[in-house]
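I opened my notebook beside the viewer and wrote down what I looked up, one entry at a time. Follow along if you like.

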Number of protein chains: 2
Amino acid sequence: MKKVEIFKEGKFKDGSMTRLLVHESPYMKVINFNIKAGQMLPLHSHDIEGEVSIAVLSGSGEFLGKDGLTLPAEVGDVLVCAISEPHGVMAKSDLRIMATIAPPI
Amino acid sequence: MKKVEIFKEGKFKDGSMTRLLVHESPYMKVINFNIKAGQMLPLHSHDIEGEVSIAVLSGSGEFLGKDGLTLPAEVGDVLVCAISEPHGVMAKSDLRIMATIAPPI
């Protein structure tokens, strides 16, 4: 049993988002991204099996999908998609998200 | 790609916590628990392989572990443990958590 305090350990940075590895095991990979207003986790995908969930912990922005799709990303919103499907996040205000990948990449 | 708005769809209820199934697939199961102040997700475990992560989305409480262990559960805190290890959550104020189980039960 372990606990990670994302709001204390995850830092915002000018220039680019930051990435905090919360957990990695044979079962899942959990990553916290801290994305300042105006920064983004660019649209990307991986041609492998599995899914990713992205939960918004604080701040406001947009989830990004293929063909220019955007969906509001507010606190408590969770996006789930195949890892092979293009996904990304854009921050309107300083945004903390938690991504869970299973099986882990 | 699908989005679930936990803060809109997850409801608090007198008498007992509520459970919103966010996602279920061969890769992971994602459940939102909405636990009113004073309610709890009792200490429990399952004798199977895999891990569970529990992220606090809003509110304040305590994570519960074996032998009376308690750890503060604040927004942005994430607990990770084996599904076979006793775990639970107690709400001090109305608490929204997201549990991710991989592989799914």
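Where does Asp67(A) lie in chain A? I keep in mind that this is a predicted model. I found Asp67(A) in the loop between strand 6 (61-65) and strand 7 (70-73) of chain A.

**Entry: the loop residue.** I looked up the backbone of Asp67(A) and got a phi near 60°, positive in a residue that is not glycine. Most residues other than glycine have a negative phi, so I made a note of it. Is Asp67(A) buried or exposed? Asp67(A) counts as exposed because it has 5 C-beta neighbours inside 10 Å, and the cut-off for exposed is 12 or fewer. I then turned to Asp67(B), which sits in the loop between strand 6 (61-64) and strand 7 (70-73) of chain B. Its phi is positive too, about 55°, and Asp67(B) is exposed, with 5 other C-beta atoms within 10 Å.

**Entry: cis bonds.** Next I went through omega. The peptide bond from Ala102(A) to Pro103(A) is cis, with omega near -10°. Pro103(A) belongs to the segment after strand 10 (95-102) of chain A. In chain B, I found a cis bond joining Ala102(B) and Pro103(B), with omega about -10°; Pro103(B) is in the segment after strand 10 of chain B.

**Entry: the two chains.** How many residues does each chain give to the contact? I read 35 residues from chain B and 35 residues from chain A. On the side of chain B that touches chain A, strand 8 of chain B supplies the largest share, 5 residues. By class, that side has 20 nonpolar, 8 polar and 7 charged residues.

**Entry: symmetry.** I laid chain B on chain A: a turn of 180° and a shift of 0.0 Å along the axis give an RMSD of 0.0 Å. That is the relation of a two-fold axis. In chain B, the C-alpha nearest the axis belongs to Leu57(B), at 3.0 Å. Both copies use the same surface, as 100% of the contact residues of chain B recur in chain A.

**Entry: the shared sheet.** I traced an open sheet of 6 strands in the order 1(A)-8(B)-5(B)-10(B)-3(B)-2(B), with antiparallel pairing. Its edge strands are strand 1 of chain A and strand 2 of chain B. Neighbouring strands are turned by 20° against each other on average, direction ignored. Across the chains, strand 1 (residues 2-5) of chain A pairs with strand 8 of chain B over 4 bridges, and Lys2(A) has Val80(B) as a bridge partner. At the other edge, 6 bridges join strand 2 to strand 3 (residues 29-35) of chain B, where Glu24(B) is partnered by Lys29(B).

Terms used:
Residues numbered from 1 in each chain as written. Chains lettered and ligands numbered in written order. Predicted model: local features only at pLDDT ≥ 70, side-chain atom pairs only at ≥ 80, totals over all residues. Contact = placed C-beta atoms within 7 Å. Helix = DSSP H or I, 4+ residues; strand = E, 2+ residues; numbered from the N terminus. Nonpolar A, V, L, I, M, F, W, Y, C, P; charged D, E, K, R; others polar. Pairing = 2+ DSSP bridges. Least-squares fit on C-alpha atoms with pLDDT ≥ 70 in both. Axes fitted to C-alpha atoms, helices over the stretch in contact; angles between N-to-C directions. Buried ≥ 20, exposed ≤ 12 C-beta atoms within 10 Å, placed from the backbone.
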